[in-house]
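Me: Can you walk me through this model, starting with one residue and working outwards? I'd like the cut-offs spelled out as we go.

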Amino acid sequence: MKINLSNIQLFTGIEEKDIPSLLKCLNTIEKHYKKGDIILREGKTTEYIGVVLNGLAIIEFSDVWGNNNIIGSASTGDIFAESYACLSEEPLMITVTAAEDTSILFMNIGRMLSTCSNSCVFHTKLIRNLLTLTAEKNIQLSRRILHTSSKSIRGRLLSYFSECVKKNGSYTFEISYNRQQLADYLGVDRSAMSNELSKMQKDGLIQYNKNYFKISEIMDTVK
């Protein structure tokens with residue numbers, strides 16, 4: 001296992017020495033994926049929550065015409081598919097793909113939500129942590145709705161960059177998305193977005209090199 005599970009949010013409050021017995025009780029499965037591999041496929045069902053042990057998973061929705069829309073991502077320590085696991089008969093509306101070589105720990109939701117005499121204290125903490133993470137994800141989805149509320153590409157980019165500045169505490173930061181993924185996340189055409197980024201740099205609003213961005217501290221522009 002690549003990380004100490006007691007250090008990630010889902011296992012907060014559970015001591016490292018208790019993790020092995022808990023994992024055995026939860027009937028966990030560890031799987032490894034190469035970059036580009038499908039982790040979970042749209043239309044399938046799942047009874048397992050995924051925990052990213054290392055790497056990066058991209059969560060996206062595709063329409064019938066093949067247009068992709070990135071919902072979000074899950075990096076080391078993050079969980080995914082928890083809502084679908086709780087509604088195990090509900091087909092997935094999303095596809096989860098490994099953006100790089102990625103290891104996933106799958107945890108059976110039935111085992112997580114059913115307490116037992118040996119680890120009921122662990123389960124209580126685990127369920128509380130799961131509810132907290134689910135609430136945080138709902139907020140993240142709300143944040144994405146805010147980013148895509150602007151009718152202009154520049155407005156959407158500025159909204160996303162504003163969040164990055166707040167999150168990093170700096171006007172200089174690195175983003176995890178490549179250009180296509182960022183365009184999908186913001187719901188815009190990649191070429192049009194790239195053109196807008198060039199215009200914003202020419203206007204002195206931003207500077208960038210690949211995934212590294214520096215945003216102007218003075219923003220006087222119409223979104």
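Reply: Phe-173 is a good place to begin: with a relative accessible area of 4% it counts as buried, where buried means under 20% relative accessible area, exposed over 50% and partly exposed in between, with a 1.4 Å probe and protein chains only. Please keep in mind that this is a predicted model, in which local features need pLDDT of at least 70 and side-chain atom pairs count only at pLDDT 80 or more, while totals for chains, interfaces and linings use all residues. Residues are numbered from 1 along each chain as its sequence is written, and side-chain values use heavy atoms, with hydrogens and water left out.

Me: How many aromatic pairs does the structure hold?
Reply: There are 9 aromatic pairs, where rings of Phe, Tyr and Trp (its six-membered ring) pair if their centres lie within 6.5 Å, and planes under 30 degrees apart count as stacked, over 60 as edge-to-face and the rest as tilted. Phe-161 and Phe-173 make a tilted pair, with 6.1 Å centre to centre and 45° between the planes. This pair links distant parts of the chain, since Phe-161 sits in helix α5 (residues 153-168) and Phe-173 in strand β9 (residues 172-174), 12 residues apart; helices (H or I, at least four residues) and strands (E, at least two) are DSSP runs, numbered from the N terminus.

Me: And what about Phe-173 with Phe-213, what kind of pair do they form?
Reply: Phe-173 and Phe-213 are stacked, at 6.2 Å centre to centre with 15° between the planes. Their pair also connects distant parts of the chain, with Phe-213 in strand β11 (residues 212-215), 40 residues from Phe-173 in strand β9. Phe-213 counts as buried because its relative accessible area is 1%.

Me: Which residues do the ring pairs link into a cluster?
Reply: The cluster consists of Tyr-160, Phe-161, Phe-173, Tyr-177, Tyr-185, Tyr-208 and Phe-213. In addition, Arg-144 lies over the face of Tyr-185, at 5.3 Å from the ring centre, by the criterion that NZ of Lys or CZ of Arg is within 6 Å of the ring centre and within 35 degrees of the ring normal.

Me: Switching topic: what is the strand order in the open sheet?
Reply: The open sheet has 4 strands in the order β2-β7-β4-β5, with antiparallel pairing, and two strands pair if DSSP finds at least two bridges between them. Its edge strands are β2 (38-40) and β5 (68-75), each pairing on one side only, and the twist averages 30° from one strand to the next. Strand β4 (residues 56-62) is joined to β5 by 7 bridges, and Leu-56 stands opposite Ser-75 in β5.

Me: Which helix packs on the sheet?
Reply: That is helix α6 (residues 179-186), which touches β4 and β5 and whose direction makes about 110° with that of β5. Axes are lines fitted to C-alpha atoms, for helices over the stretch in contact, and angles run from 0 to 180 degrees between N-to-C directions; contact means heavy atoms within 4.5 Å.

Me: One more residue: is Ser-103 buried or exposed?
Reply: Ser-103, found in strand β8 (residues 102-108), counts as buried because its relative accessibility is 5%. Leaving aside neighbours within four places in sequence, Ser-103 is in contact with Lys-31, His-32, Val-51, Val-52, Leu-53 and Asn-54.

Me: And the overall numbers?
Reply: The protein has 7 helices and 11 strands, and buried residues make up 41% of its 223 residues.
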